[in-house]
Amino acid sequence: MTCKPKGVVIRTILVTSCTRRKSIRKMFNKSHNKCMMKDKYITDCARSFAQNLRKSLNILEQNIEDHYTIGKVIGIGHYGTVREGWKLSDDSKVAIKVFELKTLQKTFKSICCEVSSLQKASHNNIIDLHQVFMDETCCYLVLEYVEGVDLSDLIMDGYELKEREVKYILQQITSTINYLHSIHICHRDIKLDNIMLNTDTFDIKLIDFGFSTNFSEVDHLNCKCGTPYYVAPEVLKGNYGKECDMWSIGIMAYYMLTGNPPFHSESDSELFNSIMKDEVLYPQKVWESISPEAKGFIEKLLIKDPSKRMTAEESLEHPWLSDEDISSTARSNTRCGSI
Ligand SMILES: Nc1ncnc2c1ncn2[C@@H]1O[C@H](COP(=O)(O)OP(=O)(O)O)[C@@H](O)[C@H]1O
Ligand SMILES: [Mg+2]
């Protein structure tokens, strides 16, 4: 996790001719159909879950393949596989997140969270949900297609983000989280993998609302969920609120600036122990090239007591984030492929 390979792997987007693209799509569609038909594993129980879900989330009863061509896999996540797709009526490109309905409760919960939050949220930096389909075996979320890479892949490929780029990314994330918190949605899985980056403009889109939830200011959340490296100490204790998203932003900021996570360990239990008990270290050798304002920003987020942690609104006012309009400077000469 700590090492960043030297040199940058340039990611290119292969542009194929229209005819070739269509025949490739046909091929993928065929294999997709085959795998769908082969295994009708949905049980009665799952069917009744699906019917309830369909009603409560307004899911279309039509066949997705009457409306979209489904292409190759572009991302594999915990509950869903994301494929590229094309709308038959205008050939526009989309991303289709496919959930197999075999692992009942967890999958259904994840679909419910993702669909209801995305139906409620409307923001420039949040992925658009176009439509939802469901058949005997799968649920399909048709999403806006994001050109680019997720931040995790970008860093794993060896790209070293500059401080001004990190700042621009964080400006967008904090304002997105500020918006989500204002409409009472807590994302609960803020991490590099769930942020798509346009490598030309450095504009971001937040994806993956599978753990998101509605919260009230009064009742606390108690479900222990998220991703180990990013999870806030109060989530591990099972009593928390929207502040957990800000902790995860702090972890991300630390990681983007240094290439290392602030808490790490061989086992999850040791990692959780460390998150609960250990102070965050800022080794001089690593931090001497990073501005004190950036460090100050992270220090206000990685506070174990959520009531003392900087809120999304406060973070937008922090001197490090609010000092200038950095969108254009972040972009200048920073195409990932050209560095
Ligand atoms: N709308 C999209 N456009 C392009 N790629 C996407 C899109 N949504 C997801 N991906 C890719 O698929 C991966 C998994 O998607 P995600 O929604 O995070 O699934 P999971 O909930 O299973 O983690 C992402 O990390 C990203 O690389
Ligand atoms: Mg994800």
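**Reading the labels in a predicted model**

Q: In which helix is Ser182 found, and what makes this residue count as exposed?
A: In this predicted model, Ser182 is found in helix α5, which covers residues 163-182. Ser182 has 10 C-beta neighbours inside 10 Å, and since a residue is called exposed if 12 or fewer other C-beta atoms lie within 10 Å of its own, Ser182 therefore counts as exposed. Along the chain Ser182 and Glu313 are 131 residues apart, while their C-alpha atoms are separated by 9.5 Å.

Q: Why is Ser289 called exposed, and where is this residue found?
A: Ser289 has 9 other C-beta atoms within 10 Å, and because the exposed class takes counts of 12 or fewer, the label exposed follows for Ser289. Ser289 is found in the loop between α9 (284-287) and α10, and its C-alpha atom is 9.8 Å from that of Thr258, with the two positions 31 residues apart in sequence numbering.

Q: What makes His78 partly exposed?
A: The count for His78 is 13 other C-beta atoms within 10 Å; exposed would require 12 or fewer and buried 20 or more, so His78 is partly exposed. His78 lies in the loop between β1 and β2, and is 29 residues from Thr107 in sequence but 9.6 Å from Thr107 in space, C-alpha to C-alpha.

Q: How do you know that Gly71 is buried?
A: With 22 other C-beta atoms within 10 Å, set against a threshold of 20 or more, Gly71 is therefore buried. Gly71 lies in strand β1, and the C-alpha atoms of Gly71 and Val82, eleven residues apart in sequence, are 9.6 Å apart in space.

Q: What makes the phi angle of Arg188 worth a remark, and is this residue buried or exposed?
A: Most residues other than glycine have a negative phi. Arg188, in contrast, has a phi near 65°, a positive value in a residue other than glycine. Arg188 has its place in the loop between β7 (185-186) and β8 (195-197), and because its 26 other C-beta atoms within 10 Å meet the limit of 20 or more, Arg188 is buried.

Q: What is the phi of Asp208, and why is Asp208 called buried?
A: Asp208 has a phi near 60°, again a positive value in a residue other than glycine, and its place is in the loop between β9 (204-206) and β10 (213-214). There are 26 other C-beta atoms within 10 Å of the one in Asp208, and as 20 or more suffice for the label, Asp208 is therefore buried.

Q: Which residues are closest to ligand 1, and which elements give two or more residues to its shell?
A: Of the 21 residues that surround ligand 1, the closest are Gly75, Gly77, Val82, Ala95 and Asp208. The elements giving two or more residues to this shell are β1 (68-76), β2 (80-87), β3 (93-100) and β5 (138-144). By class the shell has ten nonpolar, six polar and five charged residues, and at least three residues come from each of domain 1 (32-144) and domain 2 (149-338).

Q: How do the axes of α7 and α10 lie to each other, and which residues meet there?
A: Two packed helices are described by the angle between their axes and the distance between the axes. For helix α7 (residues 243-258) and helix α10 (residues 292-301), the axes come within 8 Å and cross at roughly 150°, and the crossing is left-handed. Met246, Trp247, Ile249, Gly250, Ala253, Tyr254 and Leu257 in α7 meet Ala294, Phe297, Ile298 and Leu301 in α10. By class, this contact has ten nonpolar residues, one polar residue and no charged residues.

Q: How many helices and strands does the protein have, and what share of its residues counts as buried?
A: The protein has 13 helices and ten strands, and 36% of its 339 residues count as buried. Among the contacts with a separation of 6 or more, 68% are accounted for by residues 24 or more positions apart.

How values were computed:
Residues are numbered from 1 along each chain as its sequence is written. Chains are lettered from A and ligands numbered from 1 in the order in which they are written. This is a predicted model: local features need pLDDT of at least 70, side-chain atom pairs count only at pLDDT 80 or more; totals for chains, interfaces and linings use all residues. A residue is near a molecule or strand if its C-beta atom, placed from the backbone, lies within 6 Å of it. Helices (H or I, at least four residues) and strands (E, at least two) are DSSP runs, numbered from the N terminus. Ala, Val, Leu, Ile, Met, Phe, Trp, Tyr, Cys and Pro count as nonpolar, Asp, Glu, Lys and Arg as charged, and the others, Gly among them, as polar. Domain bounds come from an automatic or database domain assignment. Axes are lines fitted to C-alpha atoms, for helices over the stretch in contact, and angles run from 0 to 180 degrees between N-to-C directions. A crossing is left-handed if the near helix is turned anticlockwise from the far one by less than a right angle, and right-handed if clockwise. Two residues are in contact if their C-beta atoms, placed from the backbone, lie within 7 Å.
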